[in-house]
Amino acid sequence: MIPIVYNARSMMQRPVSTTFTAVGIALVVAVFIGMLALGQGLRAALARTGSDRNVIVLRKGADSELSSGIGRENARLIAASPHVAAAAGGGALLSPEVYVLIPLPRPSDSTAVANVVVRGVSDQAWSVRSNLQVIAGNRLQSGRSEVCVGRKLLGRFAHLEIGATLRFGGRDWNVVCHFSAGGSAFESEIWVENEQVMPVFRGDVFQSVTFRLKDPAAFEDAKRALEADPRLGVDVQRESVFYAGQIGILGIMLRALAIAITTIMAVGAIFGAVNTMYAAVASRTSEIAVLLTVGFRPWQVLLSFLAESALIALVGAVLGALLALPVNGIVTSTTNWSSFSEIAFSFRITPFLMLIGIAFGVVMGVVGGFFPAWQAARLRVVQALR
Amino acid sequence: MKYLHLVIANLRRHTLRTILTIASVALALFLFASLRTVLTTLHTNSQFGGARRLVSTNATGIVFVLPVSYANRIKSLRGVQSVSWANWFGGKYGENSRDFFAQFAVDPESYLGMYPEIELPPDQKEAFIRERTSAIIGKRLVDRYGWKLGQDVTIKGTIFPGDWTFTIRGIYTPTNPAIGDDVLLFHHAYLDERIGRPGIAGWFIVEIEDENNAGAIAKGIDDQFRNSSAATKTGTEQAFQASFATMLGNVSFLMGIIGTAVVFAILLVTANAMMMSARERTAEVAVMKTIGFSNRTLFGLVLAEAGFIALVGSALGLGFAKLLYPVVNFNGFGFLPGFNVTTMTMAWGALLAILLMLASGLVPAVRAARLPIVQALRRVE
């Protein structure tokens, strides 16, 4: 086997060319990882929102909470189901919820508004969702015009600090607490007591009922029982499945964008690698002839040049992965078209994603290096040494 | 010009390298044009709006409705020519989220009267207005699903439950792409009747006599309903459209970052190719100098070579982008109707090509011009 040191030294012989090729690949890998991180962040925010142990009930045919409606009587019937877990203090571990969107002006541009979710919840909602935590202030008290604000909204909209007054639905609401929800979509919501918010908005109807399963394995039984009840007319889903599905058209768009952009960029970078490697082979014709003369097999030469190309790409890919790293955690926001609401989420770069990016870069190098390496391997010794 | 054959000969020395470099420039410019067109399309569509059309929505938020009875009160205001109303239907056709398209329940006569941008044959228009359960569709839906005139189409309601069947009586073509050619319009009266006559409208469109009075009339409408059960928020149609554009979030930032990375990556590829070519020709340049080529000519030759690559590549990339999108009728999943590369984008692309030429050719060109003959020839074996 031709030692890899030979390739490394050859790369150092033409520092500018190597650097340019590597940086070109680095940029492609950085964009690739960045775009995947965007999709990953959105998906993670939605996936974390729902729990496997919880069930969400919507009106039959509704594809989001926005289009759903469940009457008070039906909510009571659902609460009486034997599949609902019991709360610690007695009663059902269940939250009938009101879901509305309110326009909040963006501080950056007063003419632009974002549709923010106001969720009217029962006191049990805080226990039904296990990842919720009040990070500042005191919990909502029943019977008062109070709101609790999700962490991701802070700083992006005005009047959300504790003690401030927020006006929506023709009423003033006191901000009494901020909450975190493990990075989920709930962090982009404003929570209110359901009985407070119901009369202000859509009348005597909830949009969804979420409850904890008594036995997580019995989901199918619960689903069958509730969906079969002719009085209810509801669709029953695992909360996790429901929220993961809310990515809808946005997920398709992000994926299409990522694939289109990175494919085009990658082809360009591969062309760059091909040029570099052909030049490398051409300028080292006599070296290759010597290698073949001293007994290395053509396939070993092929492998050696492939390795060189892959090595350049690896350097570039690692650089690209590092270049992309600073976007990790940056919060951005968009409208989730399934629920028509604004959702904030962070770019999320996982080690797995970086690995995929680096592998992608190396593949670019191998593909780009193949034909030049092939040419090197087929070199006629006599001709080359002449 | 007399050195043209020299430039061409140099380019043909490594035909493959030249082709690949031109191809990467073409790809980069194609991507540049595409990304910039996303922004220009969003911008153009957000500017859409008849100067004499106002839109009234519920002041509490976009998801709340207004009593349809407001129409008469708005119509009686001074300066108002006509009023129409519409509802978002939110139905589903097929299970795939890719199958998404918008459906609006509208008051046919007043709505079509107010939107001359929705063009359809007069007999189809009449048939649509006459038949309560009929609908008209944009031509893209015809292409997508092969629907025909007279065909019944069933849509699943998500907000208004049940199966809704409409008979297609018209196929329209929008004269302004922002209207969207993938929309289904049906009778508001039919919706109202089936859901038990609650008399609700999602929004009102108000046509006014004089666009200069838009502000005053908008305020007049809002004052009228300030103390009603549902207060209104009225603004120009353009402001209404623009509010949707901001919902996508910071698209320009994302496109800008990617665009910069693309251009920079390709600059590296081209510059690398130029430098490799120049390095291989060191001896040759020295010989040319010896036989009397001036420094300036050699400088020009290298730059012309880089220029050729940049210009041909960008012409291919920009031209392809300009032709491709109308041919495949791209509309970005319905979010980017009227996606078309603008002349301004082409001009920016051309400017970019010139910068690319200078950035990739300048260093090798200067080197060629400054090359000391003796030193260079010493390397010749």
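How many helices and strands does the secondary structure of chain B come to? Select chain B and colour by secondary structure: there are 14 helices and 13 strands. The radius of gyration of chain B is 30 Å, well over the 21 Å that the globule rule gives for 381 residues, so chain B is more spread out than a compact globule. Aligned to the principal axes, the C-alpha atoms of chain B fill a box of roughly 95 × 45 × 35 Å.

This is a predicted model. It scores ipTM 0.86 and pTM 0.88. For chain B the pLDDT averages 90, and 99% of the residues score at least 70.

**Chain A**

Switch to chain A, which has 12 helices and 14 strands. Its C-alpha trace spans about 95 × 50 × 30 Å along the principal axes. The radius of gyration of chain A is 29 Å, against a value near 21 Å for a compact globule of 386 residues.

**The contact between the chains**

Show both chains and select the residues in contact: 46 residues come from chain A and 44 residues from chain B. On the chain B side, at least two residues each are supplied by helix H2 (15–46), strand S8 (152–157), helix H9 (237–247) and H10. The most comes from H10(B), with 13 residues. Coloured by class, the side of chain B that touches chain A divides into 27 nonpolar, 13 polar and 4 charged residues.

**H8(A) against H10(B)**

Select residues 248–283 of chain A, helix H8, and residues 251–280 of chain B, helix H10. Their axes come within 10 Å and cross at roughly 15 degrees. An angle under 35 degrees counts as roughly parallel, and H8(A) and H10(B) are therefore roughly parallel to each other. Their crossing is left-handed.

Now display side chains. On H8(A), the residues that meet H10(B) include A:Ile261, A:Met265, A:Phe271, A:Asn275 and A:Ala279. Among those they meet on H10(B) are B:Ile258, B:Val262, B:Leu268, B:Asn272 and B:Met276. The residues of this contact divide into 13 nonpolar, 5 polar and no charged.

**H8(A) against H2(B)**

Keep H8(A) selected and add H2(B). Which way does H2(B) run relative to H8(A), roughly parallel or roughly antiparallel? The axes of H8(A) and H2(B) come within 9 Å and cross at roughly 160 degrees. H8(A) and H2(B) are therefore roughly antiparallel to each other, with a left-handed crossing.

The H8(A) residues in this contact include A:Ile264, A:Val267, A:Val274 and A:Tyr278. Those of H2(B) include B:Leu16, B:Arg17, B:Leu20, B:Leu27 and B:Phe30. By class, the contact has 14 nonpolar, 5 polar and 1 charged residues.

Highlight A:Ile261, A:Met265, A:Phe271 and A:Asn275 before moving on: they are among the H8(A) residues that meet H10(B), and they are also among those that meet H2(B).

**Within chain A: H2(A) against H11(A)**

Hide chain B and select helix H2 (residues 15–49) and helix H11 (residues 351–377) of chain A. Their axes come within 9 Å and cross at roughly 145 degrees. H2(A) passes H11(A) in a right-handed crossing.

From H2(A), pick residues including A:Ile25, A:Val29, A:Phe32, A:Leu36 and A:Gln40. From H11(A), pick residues including A:Leu353, A:Met354, A:Phe360 and A:Met364, as well as the glycines A:Gly357, A:Gly361 and A:Gly365. The contact of H2(A) with H11(A) divides into 10 nonpolar, 4 polar and no charged residues.

Terms used
Residues numbered from 1 in each chain as written. Chains lettered and ligands numbered in written order. Predicted model: local features only at pLDDT ≥ 70, side-chain atom pairs only at ≥ 80, totals over all residues. pLDDT = per-residue confidence, 0-100. Axes fitted to C-alpha atoms, helices over the stretch in contact; angles between N-to-C directions. Helix = DSSP H or I, 4+ residues; strand = E, 2+ residues; numbered from the N terminus. Parallel < 35°, antiparallel > 145°, perpendicular 65-115°, else oblique. Left-handed = near helix turned anticlockwise from the far one by under 90°. Contact = placed C-beta atoms within 7 Å. Nonpolar A, V, L, I, M, F, W, Y, C, P; charged D, E, K, R; others polar. Rg over C-alpha atoms; globule rule 2.2 N^0.38 Å.
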